[in-house]
Amino acid sequence: MTHPIQEVLQRIGVNDHPVAVAVGNTWQAGAGEALTGKSPIDGSTLVTLTQATPSDVDTVVATARSAFQTWRNVPAPRRGEFVRLIGNALREHKADLAAIVSWEAGKITQEALGEVQEMIDICDFAVGQSRQLYGKTIASERPGHRLMEQWHPLGPVGVISAFNFPVAVWSWNAMLAFVCGDPVVWKPSEKTPLCAIACQQIVNNVARDFPEAPDGISSLLIGGADVGQALAAHPDLPLISATGSVPMGRAVASTVAGRLGLSLLELGGNNAMIVTESADLEMTVRSALFSAVGTCGQRCTSLRRLIVHDSIADKLLTSLKKAYEKLPIGNPLDEGTLVGPLIDQRSLDAMQTALRTAEEQGGTVHFGNPIMQDVPAGGCYVHPAIVEMPGQTEIVQQETFAPILYVIRYTELDEAIALHNGVPQGLSSSIMTNDIRQAEQFLTPAGSDCGIANVNVGPSGAEIGGAFGGEKETGGGRESGSDAWKAYMRRATNTINYSTELPLAQGIKFDL
Ligand code: NAD
């Protein structure tokens, strides 16, 4: 019997026997070991393919390099038109791509559709950006001179991505890179190969009918960490954008730094919400719930630490536990399900180990058990956990990529902010309060130390318009909106002398 995902793939134009490497428009098998892609929903086999190896990397990068020679000279608004057409194709295949995301990453349909919508949004953003790749004109200190800066295409960009946003993260990078004049070589997570194959096919479909798009504007290598390392080491990829865990970021960053390349890092988070005594508790429960259990706690921005004022902690915990009791957990494709499966058994084991460690460190665990009944067999389903902690112990300072919400009490806001910032990661953060002074304090230089700081909005669920990323071990990179496009271009400062004199800067005299 054919798997239901086959029909979806066919509608996008993916071949019956997908392969791991796309050298531009040409699909070919990798030279590596076999990879079997299984669905976290029910363990069913989705695809079997031969993975890429580091030996496949040179050909792909050479094709991207040659694509760069022509794409960089295509006017940026025309490059924007290419991205506009990709956005249209994504609109057409929104439900198809979302279904693949659900089958491979286990997301509920609503969140999978939201992820594809995010791709469409970044396409729209990038189209506008293609007419706004501005440089500055700067007052020259020399008479008869003009000083200005231009932004030029950087070169082919290597993108390494994680399983939990299997299509959106690539699009944040790729759509900006395309309008900036850069081809993209993508190494997705080996846990979500079909999502990547579908995206590559969508770009190929658009590129086929777009005369200026060179072969190799977009390429794909499905493989493991060794392929990621080969990209990181490649001298013809000036920028490596890597999204994933902190250990992966360290490994990639040191390889890229070894050749003095550029890296854009989007790594793990350990996101918190401070709930003050004046907070709207009903809103707090709703936003904490979405942030903590959405995507089964497998978002980089998932809420992991709730830092609650002592005076309201009991009341908030009672409401939160009531909400957790009612959570519809199960098949993510069923309407009404809010919590789907974890990605695999390793994640489930890591969650259970973290819960036992939390208990050893003085925590009281509510829920958190694996679920065997009324869920599809073959998937790793769990009841999201709430853990009351006596303080911010070692386990609370780690990112366990599963739905565990640690609750810590505080009495003074300064203490809450110190707890908030007292972890190695710095991605997303929020404060729930109706006290304007406390809200503002949270946003000052002495407040949240994260890349994202929200007021009366949970830490999860960012819009594409803002720059996305975080500080400390999260890696410091920024993607998506605002001026994140600058990472994909190189800045040239130009001095133009339109006079007949040759004055030197700083008034230096150097005449014979
Ligand atoms: P992961 O680090 O295991 O893998 C991510 C990618 O890196 C995969 O493609 C993998 O093959 C590759 N990789 C792994 N080790 C490598 C190495 N040594 N060299 C080169 N490439 C290597 O992460 P995951 O389990 O897929 O995703 C979960 C993690 O990603 C969490 O820590 C989460 O917070 C983080 N994440 C961060 C963001 C963000 O924007 N900050 C977004 C999504 C996920």
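These exercises walk through selected residues, strands and a core of one predicted model.

Residues are numbered from 1 along each chain as its sequence is written, and side-chain values use heavy atoms, with hydrogens and water left out. In this predicted model, local features need pLDDT of at least 70 and side-chain atom pairs count only at pLDDT 80 or more, while totals for chains, interfaces and linings use all residues.

**Exercise 1. Place Glu 266 and list what it touches.**

Step 1: Start with the record. UniProt, in an unreviewed entry, puts the feature "active site" at Glu 266. Such positions are given in the numbering used here, feature names are shortened, and annotations may be inferred rather than shown by experiment.

Step 2: Find the element. Glu 266 lies in strand β11 (residues 262–266). Helices (H or I, at least four residues) and strands (E, at least two) are DSSP runs, numbered from the N terminus.

Step 3: Check burial. Glu 266 has a relative accessible area of 5%, so it is buried. Buried means under 20% relative accessible area, exposed over 50%, partly exposed in between (1.4 Å probe, protein chains only).

Step 4: List contacts, meaning heavy atoms within 4.5 Å. Leaving out residues up to four places away in sequence, Glu 266 touches Ala 242, Thr 243, Gly 244, Phe 468, Gly 469, Thr 474, Gly 477, Arg 478 and Glu 479.

**Exercise 2. Is Gln 298 buried or exposed, and what does its side chain reach?**

Step 1: Locate Gln 298 in the loop between α10 (281–293) and β13 (303–309).

Step 2: Its relative accessibility is 1%, so Gln 298 counts as buried.

Step 3: Follow the side chain of Gln 298. It reaches the backbone nitrogen of Ile 343 at 3.0 Å. Beyond four places in sequence, residues touching Gln 298 include Phe 163, Pro 341 and Phe 401.

**Exercise 3. Find the side-chain partner of Thr 433 in a polar contact.**

Step 1: Go to the loop between β20 (428–432) and α14 (436–443), which holds Thr 433.

Step 2: Thr 433 is buried because its relative accessibility is 3%.

Step 3: The partner is Ser 278, at 3.1 Å. A polar contact is a pair of N or O atoms within 3.5 Å; within protein, one must be able to donate a hydrogen and the other to accept it, and residues adjacent in sequence count only if both atoms are side-chain atoms.

**Exercise 4. Why is β12 largely enclosed?**

Step 1: Count. Five of the five residues of β12 (residues 271–275) are buried, so the rest of the structure largely encloses this strand.

Step 2: Look at both faces. Asn 271, Met 273 and Val 275 are buried on one side, Ala 272 and Ile 274 on the other.

Step 3: Add the partner strand. β12 runs parallel to β13 over five bridges; strands pair if DSSP finds at least two bridges between them. Met 273 faces Leu 306 in β13.

**Exercise 5. Which strands stand at the edges of the open sheet β5-β6-β25?**

Step 1: Read the order. These three strands pair in the antiparallel sense.

Step 2: β5 (137–138) and β25 (489–497) are the edges; each has a single partner strand, so one side of each lacks a neighbour in the sheet.

Step 3: Inspect one pairing. Nine bridges join β6 (residues 145–153) to β25. Arg 146 stands opposite Ile 496 in β25.
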